[in-house]
Amino acid sequence: MSCPYGLDRTTKEGDAKNSNDVNVLKGTGSHRSYVKDFKNAEDFIAFLTAAVKDRSGPEMKQFYIYLQDCFANADQDLDGLVGPKEFDSLVDEAAAAPRIFGFAPTTEQLYMNEAERLAARLELFKTIDTAGRGLIAFPEFLCWAMEHIRAKTSRGAKQWQSGVGMLSLIQPSSAEEFVEFLKAATSSTTSPEHKDLYFHLLRCFTDADTSMSGVIDAEGFDKLIDIAGMAPRKFGFAPSAAAMFKSDAERKASRAALFKTIDRDGGGTISFDEFLGWAMAHIKGKVKGGVKAEYKPTAIKEDASLAAKNLPIYDEASSPADFAAFCKKAVTDKSSPEYQKMYYHLLRCFSDADASLTGRIKKEEFDALIDVAAVAPRKFGFAPLASEQYVSVEERREARANLFKTINTEGTGEISFQEFLAWAMEHIRGKVLRGATPWKAGVGKLSLIQPSSAGEFVEFLK
């Protein structure tokens, strides 16, 4: 293979890099750019926003230099090209700046081991290496990096772990903007608008899920329709409930009938995935038929209920005792702030793993879901690392596939948030009610059964 400089280089030669050399170079970053000199997140985001907005501006020039230096640091044989192994180093170089302010997760938070990190980065490398050469030049990396950052900043960059504003209601500023948003959201399941609509509908559902059980009944559905209907009603794309129905009784009867069409198993409740599937199909049908503002616009009361909600990964405990106390309160008191935090923590873990944005998790996604959910207990040693628990990736996947089957009792090959939530809360309950202890310590494992009553002893034996 010939590179632009006329130097013969095979892919094997390009990728045969000494790992020690890579580690020496990692973290050196750019010495000609001030990108790493920002003191706060706001200034950093303002800089990136300006860089992608004006390609001839000073911010773009500085960012260009930063990315160029990152590329040069990763290009160990100085031939102007980077292979898959060098790209692994390059990603860490370029991510150093956003990680300072928490806008990108660390490799430890993203991947369970080196093999999985390398596999994921190889797949990313292939999307940039469109020619399939096994090598990329700086212009290819620059093009990808700018598009990646543009997508992050265009909708408001958020710190990764905090989940700031993830549960946001759609609030378009005009009828035209709303129509364009819905067209983009329904035309492609990979569009940013589709993801925004997913989280909008998730926010509507969780607002209606007042019991925080992951499901809603017909009464909750009545409330859910009003929450979800606010955005289209604002510009007259849907009629108000008062215009549609003569009385509360008629409204409830009509929505109860609609609820039954979504509740296909007749269980009396629906989970998020069921609502999501119906809502997406309903919206797509409206868009296909031509979205028209044919009703009287309904004024929306601007109050705290419309404010964006965060969807954070729980990280407030400062000690093992703190974390154990939090978990115990969460599983013993559903009305407590701790339960609410646990609910949203598990919802964040679930939505992060829901790569297909269907509201359901397949067994392949479940493997990643378990590791995201285990970050908090692992921090204090309450759960082992995957590498400590399994001798190989294959063993881990097999074990988790078997666990998945115990949750997916219906054998559909997918689980809903409600199923995951119920399992997770019961799993945590079992851990903390017997005294949560650090995993490696094995505290009290060789314990004699000492029930406090005859009733408790019978229940234990059952």
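This report describes a predicted model of one protein, moving from the whole chain to one helix and one residue that touches it.

**The protein as a whole**

The protein has 462 residues, of which 43% are buried, and its secondary structure comes to 23 helices and 6 strands. When contacts between residues at least 6 apart in sequence are considered, 72% of them join residues that are at least 24 apart. The accessible surface comes to about 24,700 Å², and carbon and sulfur atoms account for 56% of that area.

**Confidence in the model**

The average pLDDT of the protein is 82, and 83% of the residues score at least 70. Residues 1-30, however, have a pLDDT that stays under 50, although the model gives this stretch 53 contacts beyond four places in sequence. Residues 441-446 also have a pLDDT below 50, and beyond near neighbours in sequence this stretch has 1 contact in the model.

**Helix H22 and its surroundings**

Helix H22 covers residues 417-432, and at 1.5 Å a residue its 16 residues should span 22 Å, which agrees with the 22 Å that separates its end C-alpha atoms. Which residues of H22 are buried? They are Phe417, Glu419, Phe420, Leu421, Ala424, Met425, Ile428 and Val432. The cover over these buried residues includes helices H16 (320-332), H17 (337-353), H18 (363-373) and H21 (393-407), together with strands S5 (360-362) and S6 (414-416).

Leucine 346 offers a detailed view of this packing, since its place is in helix H17, which is among the elements that cover the buried residues of H22. Not counting residues up to four places away in sequence, leucine 346 touches Phe417, Phe420, Leu421, Ala424 and Met425, and each of these five is listed among the buried residues of H22. The C-alpha atom of leucine 346 lies 9.3 Å from that of valine 372, a residue 26 places away along the chain.

**Three buried residues**

Leucine 346 counts as buried because its relative accessibility is 3%, and the cut-off for a buried residue is under 20%. The table sets this residue beside two cysteines that are also buried.

| Residue | Relative accessibility | Class |
|---|---|---|
| Cysteine 204 | 0% | buried |
| Leucine 346 | 3% | buried |
| Cysteine 349 | 0% | buried |

A disulfide is a covalent bond between the sulfur atoms of two cysteines. How many disulfides does a search of the whole structure find? The search finds 0 disulfides.

Note on methods. Residues numbered from 1 in each chain as written. Predicted model: local features only at pLDDT ≥ 70, side-chain atom pairs only at ≥ 80, totals over all residues. Heavy atoms only, no water. Helix = DSSP H or I, 4+ residues; strand = E, 2+ residues; numbered from the N terminus. Expected span 1.5 Å × (residues − 1). Buried < 20%, exposed > 50% of the residue type's maximum accessible area, 1.4 Å probe, protein only. Contact = heavy atoms within 4.5 Å. pLDDT = per-residue confidence, 0-100. Areas by Shrake-Rupley, 256 points an atom, 1.4 Å probe, with all protein chains shown as cover. Disulfide = S-S within 2.5 Å.
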